[in-house]
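Subject: Handing over a structure

Dear colleague,

I am passing a structure on to you, and below it you will find an account of what turned up when it was examined. Please keep the sequence and the 3D view open while you read, and look up each residue as it is named.

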Amino acid sequence: MPQNKIYIFDTTLRDGEQVPGCKLNTDEKIEIALQLEELGVDIIEAGFPISSPGDFASVEAISKVIKNATVCGLTRSVQKDIEVAAAALKHAVKPRIHTGIGASDIHIKYKFNTTREAILERAAAATKIARNLVPDVEFFCEDAGRADNAFLAKLVETVIAAGATVVNIPDTTGYCLPHQYGEKIAYLVNNVSNIDKAIISCHCHNDLGLATANSISGIINGARQIECTINGIGERAGNTSLEEVVMIIKQHEALGFYTNINAKKLNPISHLVSDTMRMPVQPNKAIVGANAFAHSSGIHQDGFLKEAITYEIINPEDVGADLSKIVLTARSGRSALAYRFQKLGYEFNRNDIDALYEVFLHVADTKKEVEDADLEVLAKNHIAVTA
Ligand code: KIV
Ligand code: ZN
């Protein structure tokens with residue numbers, strides 16, 4: 001089956017940085033941008049240049065150091081925004097302006113107090129202004145997730161005719177179910193006459209925990225770009241998590257997609273973003289959480305120690321994570337206990353382990369996790385009474 005490339009558009013430095021308390025300075029943004037380029041992302045959304053002098057400076061500085069990836073700046077459908085973004089991107093090898101406007105009736109009425117017709121006019125005008133300044137223009141149809149599909153198709157057709165190279169279909173409020181988001185993308189593929197002239201992009205928020213599922217549904221139905229962030233950070237409940245979509249595409253080869261991402265760099269960059277933004281990663285987070293490769297129940301540990309594939313679908317080394325962990329708790333079994341003793345250099349026989357296991361369970365009931373230091377005490381006491 002031919003493999004389709006999925007472009008990875010990273011917005012950690014723009015949508016991700018909108019998280020309260022996660023503001024970064026220019027040097028921190030440059031460091032993350034360079035690591036994103038090493039990771040293999042295709043597009044780095046570096047900021048929203050008109051929003052502040054600091055953001056302008058960051059987009060400009062990132063444009064100067066990034067050599068392979070496209071560098072993108074966000075704008076509203078406002079001439080001044082677009083001109084300022086173009087100025088910030090002046091040094092980029094591959095600049096992209098990301099402009100757009102509300103597409104749902106909710107946004108058209110409450111945010112813009114205008115009509116669908118006026119939105120079409122503003123969208124076309126903004127796209128043309130941007131295309132006169134850079135060759136690569138992405139148009140976002142904000143709140144596309146709740147927009148009427150027929151109007152959305154008209155908007156997409158209009159901006160492609162005006163020169164958009166990428167059309168972004170954001171589920172801004174994270175409202176869609178995966179089949180609904182997929183149907184929306186399929187509707188555009190089937191009802192926009194010039195859709196072959198642009199790439200469709202998914203930009204899904206995680207308000208209902210569906211951002212990753214919706215993005216995958218989007219590419220299955222014809223989108224070829226996913227907008228995402230490291231660790232899934234972003235407004236409110238966050239954006240689609242880069243590491244999740246990349247590993248879904250990698251693990252499910254039968255989907256027929258690939259990305260340029262070097263998966264071994266996923267955990268290192270997750271740590272970098274988490275440390276720099278002082279934003280901890282939840283321990284059970286897929287791919288990059290501290291427990292993503294930890295086994296603690298006896299049944300799982302026994303299977304894992306016999307053959308890792310029983311309970312792991314990803315080798316932690318393939319995503320740059322520490323080796324799998326066998327955590328000892330009151331739910332652990334004898335094989336896990338024997339394994340951990342072995343790691344400390346103790347070779348106990350079956351009878352020893354049976355005896356040690358009884359004592360271990362008493363200790364485990366008093367603690368969240370039994371550590372190496374506890375095991376050393378257990379081992380030394382056992383050797384003393386059995387010697
Ligand atoms: O969520 C959204 O709609 C956005 C746009 C600005 C692309 O972040
Ligand atoms: Zn967003």
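**What was found**

The protein has 14 helices and twelve strands. Please bear in mind from the start that this is a predicted model. Along the principal axes, the C-alpha atoms occupy a box of roughly 85 × 40 × 40 Å, and 53% of the 387 residues of the protein count as buried. If you take the contacts between residues at least 6 apart in sequence, 73% of them join residues that are at least 24 apart.

**The zinc ion**

A good place to begin is the zinc ion (ligand 2), whose protein donors are Asp15 (OD), His203 (NE2) and His205 (NE2), lying 2.1 Å from the ion. Along the sequence, these donor residues follow the spacing D-x187-H-x1-H. Aspartate 15 and histidine 203 link distant parts of the chain, since aspartate 15 sits in the loop between strand S2 (7-10) and helix H1 (26-39), while histidine 203 belongs to strand S8 (residues 199-204), 188 residues apart. Are aspartate 15 and histidine 203 buried or exposed? Both of these residues are buried.

**Salt bridges**

Over the whole structure, a search finds 25 salt bridges, and three of these pairs are described here one by one.

In one of them, the side chains of glutamate 138 and arginine 96 meet with 2.8 Å from N to O. This pair, too, links distant parts of the chain, with glutamate 138 in strand S6 (residues 137-142) and arginine 96 in strand S5 (residues 95-102), 42 residues apart. Glutamate 138 counts as buried because its relative accessibility is 0%, and arginine 96 counts as buried because its relative accessibility is 6%.

In another, glutamate 244 pairs with lysine 285, and the closest N and O atoms are 2.6 Å apart. Here glutamate 244 lies in helix H9 (residues 242-251), whereas lysine 285 lies in the loop between helix H10 (266-277) and strand S11 (294-295), so that the pair links distant parts of the chain, 41 residues apart. Why does glutamate 244 count as buried? Its relative accessibility is 19%, and the limit for buried is under 20%. Lysine 285, at 8% relative accessibility, counts as buried.

The remaining pair is lysine 306 with aspartate 302, whose side chains form a salt bridge of 2.8 Å from N to O. Both residues lie in helix H11 (residues 298-306), four residues apart, which is about one turn of the helix. Lysine 306 counts as exposed because its relative accessibility is 64%, while aspartate 302, at 27%, counts as partly exposed. Elsewhere, Glu17, Lys23, Lys29 and Asp55 are joined into one network by salt bridges that share partners.

**Two helices in contact**

Two packed helices are described by the angle between their axes and the distance between the axes. For H11 and helix H12 (residues 334-343), the axes come within 7 Å and cross at roughly 55°, and therefore H11 is oblique to H12. Which residues make the contact? From H11 they are Gln301, Asp302 and Leu305, and from H12 they are Ser335, Ala336 and Tyr339. Sorted by class, the contact of H11 with H12 has three nonpolar residues, two polar ones and one charged one. Aspartate 302 thus appears in this contact as well as in the salt bridge with lysine 306.

**Two further residues to look up**

Asparagine 262 is found in the loop between strand S10 (257-258) and H10, and it is partly exposed, with a relative accessible area of 33%. The C-alpha atoms of asparagine 262 and valine 319 are separated by 8.4 Å, although the two residues are 57 residues apart along the chain.

Tyrosine 187 is placed in helix H7 (residues 178-191) and is partly exposed, with a relative accessible area of 28%. Leaving aside residues up to four places away in sequence, tyrosine 187 touches Asn149, Ala150 and Ala153. Between the C-alpha atoms of tyrosine 187 and arginine 331 there are 50 Å, and along the chain these residues are 144 residues apart.

With best wishes

Note on methods
Residues are numbered from 1 along each chain as its sequence is written. Chains are lettered from A and ligands numbered from 1 in the order in which they are written. This is a predicted model: local features need pLDDT of at least 70, side-chain atom pairs count only at pLDDT 80 or more; totals for chains, interfaces and linings use all residues. Side-chain values use heavy atoms; hydrogens and water are left out. A salt bridge is a side-chain nitrogen of Lys or Arg within 4 Å of a carboxyl oxygen of Asp or Glu. Helices (H or I, at least four residues) and strands (E, at least two) are DSSP runs, numbered from the N terminus. Buried means under 20% relative accessible area, exposed over 50%, partly exposed in between (1.4 Å probe, protein chains only). Axes are lines fitted to C-alpha atoms, for helices over the stretch in contact, and angles run from 0 to 180 degrees between N-to-C directions. Angles under 35 degrees count as roughly parallel, over 145 as roughly antiparallel, 65 to 115 as roughly perpendicular and the rest as oblique. Contact means heavy atoms within 4.5 Å. Ala, Val, Leu, Ile, Met, Phe, Trp, Tyr, Cys and Pro count as nonpolar, Asp, Glu, Lys and Arg as charged, and the others, Gly among them, as polar. Donors are N, O and S atoms within 2.8 Å of the metal (3.2 Å for Na, K and Ca); water is not among the atoms, so sites may look incomplete.
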